[in-house]
Amino acid sequence: MNINDFIIRLEENKDYPLVENLVRESFWNVYRPGCSEHYVIHVLRDDPAFVRELDFVMVRQGQIIGQNMFMKTVINSDDGTDIPVLTMGPICIASELKRQGLGKMLLDYSLEKAVELGFGAVLFEGNIDFYGKSGFDYARRFGIFYHDMPKDADQSFFLCKELKAGYLDGVKGVYQTPKGYYVSDEEVEAFDKCFAPKEKLKLPGQIFG
Ligand SMILES: CC(C)(COP(=O)(O)OP(=O)(O)OC[C@H]1O[C@@H](n2cnc3c(N)ncnc32)[C@H](O)[C@@H]1OP(=O)(O)O)[C@@H](O)C(=O)NCCC(=O)NCCS
């Protein structure tokens with residue numbers, strides 16, 4: 001693999017169907033039978049919290065093989081203020097190109113651009129084995145907890161990275177997932193009919209039923 005074979009650029013309107021198909025292929029049967037992320041990205045692009053300047057695709061030989069995107073949200077700080085932060089995802093790499101370092105390359109590039117735009121921190125749900133390599137830590141270590149969950153519950157899925165050193169110093173509070181990420185199964189089902197039929201499978205390791 002030659003790193004020079006890949007470019008990362010902003011997503012354009014003409015990419016939308018291809019990106020949604022890529023997301024569907026990459027997430028299919030990974031976290032649940034089927035997936036919802038292709039519909040989530042379809043909806044989020046029209047959400048006021050969507051950060052168009054951080055909506056990236058990775059391209060090889062003219063083919064889109066990866067994508068990542070960010071949304072604005074807040075931490076409800078215990079002192080009553082709202083701290084603006086970013087959340088991220090979906091992020092994906094084409095199934096046949098996973099585990100070759102491309103996801104990390106796309107992630108690190110996206111984070112650099114978020115730093116350049118002056119954002120302070122990114123928080124989201126993910127696997128520390130992947131995101132830890134790009135400087136993410138458990139959000140709990142920053143004193144930030146996931147909404148609608150007891151503080152002493154296992155929140156090891158909930159990760160945080162400061163983009164500005166010290167941005168979260170003194171901040172304790174609860175993170176809010178942007179409302180746009182919540183889509184109904186019925187809407188997903190209806191949207192999925194726009195794509196080629198694909199078999200939903202119950203597989204070991206899926207976290208949602
Ligand atoms: C998650 C994803 C974006 C990672 O991209 P990738 O190109 O496959 O990952 P990389 O090769 O850059 O991984 C770098 C390192 O992170 C870790 N890592 C990557 N994916 C991992 C996974 N699924 N589980 C555990 N560790 C993982 C590994 O240590 C890996 O290094 P290694 O392969 O030498 O062991 C990609 O696998 C993907 O699209 N998955 C399906 C969609 C998805 O789960 N998106 C993330 C939702 S939070």
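Student: In which strand is Q67 placed, and what makes Q67 count as buried?
Tutor: Q67 has its place in strand β3 of this predicted model. Its relative accessible area is 1%, and because buried means under 20%, Q67 belongs in that class.

Student: What does the side chain of Q67 reach, and how do you know that this is a polar contact?
Tutor: The side chain of Q67 comes to 3.0 Å from the backbone oxygen of P90. A polar contact requires a pair of N or O atoms within 3.5 Å, one able to donate a hydrogen and the other to accept it, so the value of 3.0 Å falls inside the cut-off. Leaving out residues up to four places away in sequence, Q67 also touches a set of residues that includes V19, L22, V23, I41 and F56, with P90 itself among them.

Student: Where does P90 lie, and what makes the peptide bond from G89 to P90 noteworthy?
Tutor: P90 is in strand β4, and the bond that leads into it from G89 is cis, with omega near 5 degrees. Most peptide bonds are trans.

Student: How do you know that N68 is buried, and which side chain does the side chain of N68 contact?
Tutor: N68, also found in strand β3 (residues 63–77), has 0% relative accessibility, and because the limit for buried is under 20%, N68 counts as buried. Its side chain makes a polar contact with the side chain of S110 at 3.2 Å, a distance within the 3.5 Å limit. Beyond its neighbours within four places in sequence, N68 is in contact with residues including M88, G89, P90 and I91.

Student: What makes β3 and β4 a pair of strands?
Tutor: Pairing requires at least two bridges, and 10 bridges join β3 to β4, so these antiparallel strands qualify. One of the partnerships is that of I75 with I83 in β4. The hairpin has four residues between the strands, and G80 takes a positive phi near 95 degrees there. Strand β4 (residues 82–93) is mostly covered, since 10 of its 12 residues are buried.

Student: Why is helix α2 called largely enclosed?
Tutor: Six of the eight residues of α2 (residues 37–44) are buried, so the rest of the structure largely encloses this helix. The buried residues are E37, H38, Y39, V40, I41 and L44, and they pack against α1, β3, β4 and α5 (185–192).

Student: What is said of phi at N29 and at D148, and is each of them buried or exposed?
Tutor: Phi is near 65 degrees at N29 and near 55 degrees at D148, in each case a positive value in a residue other than glycine. Most residues other than glycine have a negative phi. N29, in the loop between α1 and α2, has 10% relative accessibility and therefore counts as buried, this value being under 20%. D148, in the loop between β7 (144–146) and β8 (158–162), has a relative accessible area of 78%, which is over 50% and therefore makes it exposed.

Student: Why is E186 called exposed?
Tutor: E186, which lies in helix α5, has a relative accessible area of 60%, and because exposed means over 50%, the term applies.

Conventions:
Residues numbered from 1 in each chain as written. Predicted model: local features only at pLDDT ≥ 70, side-chain atom pairs only at ≥ 80, totals over all residues. Heavy atoms only, no water. Helix = DSSP H or I, 4+ residues; strand = E, 2+ residues; numbered from the N terminus. Buried < 20%, exposed > 50% of the residue type's maximum accessible area, 1.4 Å probe, protein only. Contact = heavy atoms within 4.5 Å.
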